[in-house]
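Let's walk through this structure together, one step at a time. Please turn the model around on your screen as you read.

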Amino acid sequence: YWRGLMLASAGGGELPGSPALHDAQRRQAAAASLDAILAGLDVLTTAKMKMFRNPHAAVILEVAAVRMSRLGELLS
C-alpha cells in the first residue's frame, strides 16, 4: 500500500490493485508529502527486518504503528 502511495506521489509507475484503491492512494498521496511517505516506508521496512525471528515481534510492530501515526510530528 505504501509503495502505491510513493508511486502516486512521485507520479510514476503503474499502481498495484483495483481502481478504487488507486483513487484512495492518489487522494492520500496528495494530502501527504513525499518525504512523509518515504519516512513511512522506512519505518515499515525497518520493522519488517527487526521482526524476523524475533520473539518480541508484536512489540516491534506496535512501535512501528506508533511511529507511523506520528510521522507528521517527526518530520521537520
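**A helix to begin with**

Start with helix H4, residues 57-69. At 1.5 Å a residue, its 13 residues should span 18 Å, and its end C-alpha atoms are indeed 18 Å apart, so expectation and model agree. Keep in mind as you look that this is a predicted model.

Which residues of H4 are buried? They are Ala 57, Ile 60, Ala 64 and Met 68. These buried residues cover an arc of only 75° around the axis, which means that they sit on the same side of H4. Here is some background that helps: an α-helix has 3.6 residues a turn, so residues three or four places apart point the same way. Now look at the other side of H4, where Ala 58, Glu 62 and Ser 69 are exposed.

Now let's step back to the whole chain. It has five helices and zero strands, and reading along the sequence gives the pattern α-α-α-α-α. Along its principal axes, the C-alpha trace spans about 40 × 30 × 15 Å.

How much of the chain is buried? Of its 76 residues, 26% count as buried. The chain exposes about 5300 Å², and carbon and sulfur atoms supply 60% of that area.

Contacts and charges complete the tour. Taking contacts between residues at least 6 apart in sequence, 48% join residues at least 24 apart. As for charges, the chain carries 8 positive and 6 negative ones, and the mean positions of these two groups are 7 Å apart.

Conventions
Residues are numbered from 1 along each chain as its sequence is written. This is a predicted model: local features need pLDDT of at least 70, side-chain atom pairs count only at pLDDT 80 or more; totals for chains, interfaces and linings use all residues. Side-chain values use heavy atoms; hydrogens and water are left out. Helices (H or I, at least four residues) and strands (E, at least two) are DSSP runs, numbered from the N terminus. Buried means under 20% relative accessible area, exposed over 50%, partly exposed in between (1.4 Å probe, protein chains only). Contact means heavy atoms within 4.5 Å. Accessible areas come from the Shrake-Rupley method with a 1.4 Å probe; for residues, only the protein chains shown count as cover. Lys and Arg count as positive and Asp and Glu as negative; His and the chain ends are not counted. The place of a charge is taken as NZ of Lys, CZ of Arg, CG of Asp or CD of Glu. The expected span of a helix is 1.5 Å times one less than its number of residues. The arc is that of the directions from the helix axis to the C-beta atoms.
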